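Please read these points with the sequence and the model side by side. They take up one helix and then a group of aromatic rings.

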Amino acid sequence: MKIEKDTLIKLPKGDYISLVTDLKVVIKKDTNVLLISKALKIVKALADGMRTLFSQYGAILLPEIIARFKEKKAAVLEQARTAADAIALVIKVITFNMTKL
């Protein structure tokens, strides 16, 4: 089975906390632009694939993604915007804790 590059795949229920925690560390602490960009692409793919099931993980990742909005590199900034947009579609505003900012 061949999967197109931008094909949306619905991901099954499962425990993705270890993956999300690792992505959070890369987004928060890494200085390599390519790694940050790839991590943000993965976050967007997870949000698109898991849909509403991603809301619990989106609340963990969104503060770190918003912190990347002050990034000078255009590639990282664009990926941060698309990842935040994808999370915004699945997260409920009530679940987002503003004290983490």
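1. In this predicted model, the buried residues of helix H1 are Val20, Leu23 and Ile27. Seen down the axis of H1, these buried residues fall within an arc of 60 degrees, so they line one face of the helix. As general background, an α-helix has 3.6 residues a turn, so residues three or four places apart point the same way.

2. On the other side of H1, the residues Ser18, Asp22 and Lys29 are exposed, while the cover over the buried residues of H1 includes helix H2 (33–50) and H3.

3. The length of H1 can be checked as well: at 1.5 Å a residue, its 13 residues should span 18 Å, and this agrees with the end C-alpha atoms, which are 18 Å apart.

4. Turning to the aromatic rings, the count comes to two aromatic pairs. One of them is formed by Tyr16 and Tyr57, which meet edge-to-face, with 6.4 Å from centre to centre and 80 degrees between the planes. Because Tyr16 lies in the segment before helix H1 (17–29) and Tyr57 in helix H3 (residues 55–67), this pair ties together parts that are 41 residues apart in sequence.

5. Phe54 and Tyr57 also pair: their ring centres are 6.1 Å apart and their planes stand at 55 degrees, so this pair is tilted. Tyr16, Phe54 and Tyr57 form one aromatic cluster.

6. Are the residues of this cluster buried or exposed? Tyr16 counts as buried at 17% relative accessibility, Tyr57 is buried with a relative accessible area of 4%, and Phe54 counts as buried at 0%.

Conventions
Residues are numbered from 1 along each chain as its sequence is written. This is a predicted model: local features need pLDDT of at least 70, side-chain atom pairs count only at pLDDT 80 or more; totals for chains, interfaces and linings use all residues. Side-chain values use heavy atoms; hydrogens and water are left out. Rings of Phe, Tyr and Trp (its six-membered ring) pair if their centres lie within 6.5 Å; planes under 30 degrees apart count as stacked, over 60 as edge-to-face and the rest as tilted. Helices (H or I, at least four residues) and strands (E, at least two) are DSSP runs, numbered from the N terminus. Buried means under 20% relative accessible area, exposed over 50%, partly exposed in between (1.4 Å probe, protein chains only). The expected span of a helix is 1.5 Å times one less than its number of residues. The arc is that of the directions from the helix axis to the C-beta atoms. Contact means heavy atoms within 4.5 Å.
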